[in-house]
Amino acid sequence: MTIFKFPQDFRWGTATASYQIEGAAQEGGRGVSIWDTFARTPGKVFNGDNGDVACDSYHRYEEDIELMKKLGINTYRFSIAWPRIIPDGDGEINREGLDFYHRFVDKLLEAGIEPFCTLYHWDLPQTLEDIGGWGNRRTVDAFVKYAEVIFKEFSGKINFWLTFNEPWCIAFLSNLLGIHAPGNKDLQTSINVAHGLLVAHGKAVQSFRRLGTTGQIGIAPNVCWAEPYSKSPEDQAACDRSIALNTDWFLDPIYKGAYPQFMVDWFAEAGATVPIQEGDMEIISQPIDLLGINYYTMGINRFNPEAGVLQSEEVDMGLTKTDIGWPVESRGLYEFMHYLQKYGNVDVYITENGACINDDLENGKINDDRRIAYYEQHLAQIHRIINDGINLKGYMAWSLMDNFEWAEGYRMRFGLVHVDYRSLVRTPKESFYWYQNVIKNNWLETRI
Ligand SMILES: N=NNCCOCCOc1ccc(-c2cn(C[C@@H]3NC[C@@H](O)[C@H]3O)nn2)cc1
């Protein structure tokens, strides 16, 4: 038995996102988002699932906060649905939407839980996608207007802010691979989206500073840690490209004011260029206060000229996988956090980490031992990372409860709390009680 103690001020939390839990898709003045449209497009989402009801957290948020209090977390990451605030994306403000989030945030604060707010977690107003989405500068300006509304409304209540969740998913999963909304499959479009969201990020940070908004602001890239299948230079280069597209493509412009040249050259070979306008890189590289890091898995990659635009493919090494098919390998988190040091020892929060384990109720309990094992391994790595002097300040498990897992619909379950989607009854899983104990003790007891 080994005990890993965490720092006294370490933040323990969970994370969710608006489209995945709220439901009430046609209530409270909410406008249509690209995920409403995508989910209704035949073949895009498993079983034709959509977020019309989801976990109904729009109506059940007080019950959710009671679960958070029971869990003992001091931090809760959530996202605000832009279509609730400015329903047509760039027009009238919807007071009812603001009032909903005020009620929610006030309840969190009453419970002694720090709100950790993501401004954009993929639910773009459809009207803005209709004019070209993030590739159109009007969308960038509309985002800044939306962000400024939120900053003015919630300054003093919210002190932890993220502009964008997983920019790689927004740009490349959604506009090159076509797996997420809006489902484009075009390299130039995806590069335009990536650049547009980076400019929007930088402008929002400028507004945040100019308005004197309370707290700290950052962004949450998703991590794709990869190691080479062989020692060949081609396999190493294939790994470098895979890591870079998730991380460096976004963090180099933010921290260095320029895209990674080797990737710019790689895309130029494929006939795509970055639509940089005068002043863009200065805007994008506004200093930020923190980074959110979302980690799930890592890959062993090799060069394959047939494997997409990156010519990099993951090799199945026969590792234990979660039920969504992702290898369980916590070592990648440790390696990635050291890779991240090239941007300096910046304040980092793990804003998502968790396992898709589709265990169901048995005699009123969910014995999700595999999820507990996943968390045990990853929290042990978190402890190693902190011990190495890296400024890792907090950890938010994905997710508080089962929810709408995008193209996988409701079949994939990441929650510490089980949700019965017919009755909407919430049932804490065994992993909930395990995590509750870690938080209560502020230490991890491992079996290793
Ligand atoms: N890399 N190349 N892949 C090539 C082929 O990929 C096929 C599928 O790809 C992916 C990659 C990544 C994801 C993903 C999902 N989550 C979980 C959510 N995070 C934010 C929060 O909302 C959670 O629900 N994080 N990441 C899904 C699919």
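Aromatic rings make a good starting point here, with 54 aromatic pairs in the structure, which is a predicted model. One of these is the pair of Y19 and W35, with ring centres 6.3 Å apart and planes at 40 degrees, a tilted arrangement. The pair links distant parts of the chain, as Y19 sits in helix α1 (residues 18–21) and W35 in helix α2, 16 residues apart. Both Y19 and W35 are buried.

W35 has another partner in F404. With 6.0 Å between the ring centres and 80 degrees between the planes, this pair counts as edge-to-face, because the angle is over 60 degrees. Since W35 belongs to helix α2 and F404 to the loop between β12 and β13, the contact ties together parts 369 residues apart in sequence. Relative accessibility is 1% for W35, so this residue counts as buried; F404, at 0%, counts as buried too. The wider picture is one aromatic cluster, formed by Y19, W35, F38, W122, F404, W406, Y410 and Y421.

Rings also turn up next to charges. The charged end of R411 sits over the ring of F46, 4.0 Å from the ring centre. In a second case, R302 lies over the face of Y229, and here the distance to the ring centre is 5.1 Å.

Turning to the backbone, two cis peptide bonds deserve a look. One runs from A181 to P182, with omega near 10 degrees; P182 is placed in the loop between α8 (167–175) and α9 (187–210). The other joins W398 to S399, with omega near 15 degrees. S399 lies in the loop between β12 (392–398) and β13 (417–419), and F404 of the edge-to-face pair is in the loop between β12 and β13 as well.

Positive phi values crop up at residues that are not glycine. N47 has phi near 65 degrees and is found in the loop between α2 (34–39) and α3 (57–71). E166, with a positive phi of about 50 degrees, lies in the loop between β5 (160–165) and α8. Their surroundings can be set side by side. N47 has a relative accessibility of 61% and therefore counts as exposed, because the cut-off for exposed is over 50%. E166, in contrast, has a relative accessible area of 6% and so is buried, given that buried means under 20%.

Note on methods
Residues numbered from 1 in each chain as written. Predicted model: local features only at pLDDT ≥ 70, side-chain atom pairs only at ≥ 80, totals over all residues. Heavy atoms only, no water. Helix = DSSP H or I, 4+ residues; strand = E, 2+ residues; numbered from the N terminus. Buried < 20%, exposed > 50% of the residue type's maximum accessible area, 1.4 Å probe, protein only. Phe/Tyr/Trp six-rings, centres within 6.5 Å; stacked < 30°, edge-to-face > 60°. Lys NZ or Arg CZ within 6 Å of the ring centre and 35° of its normal.
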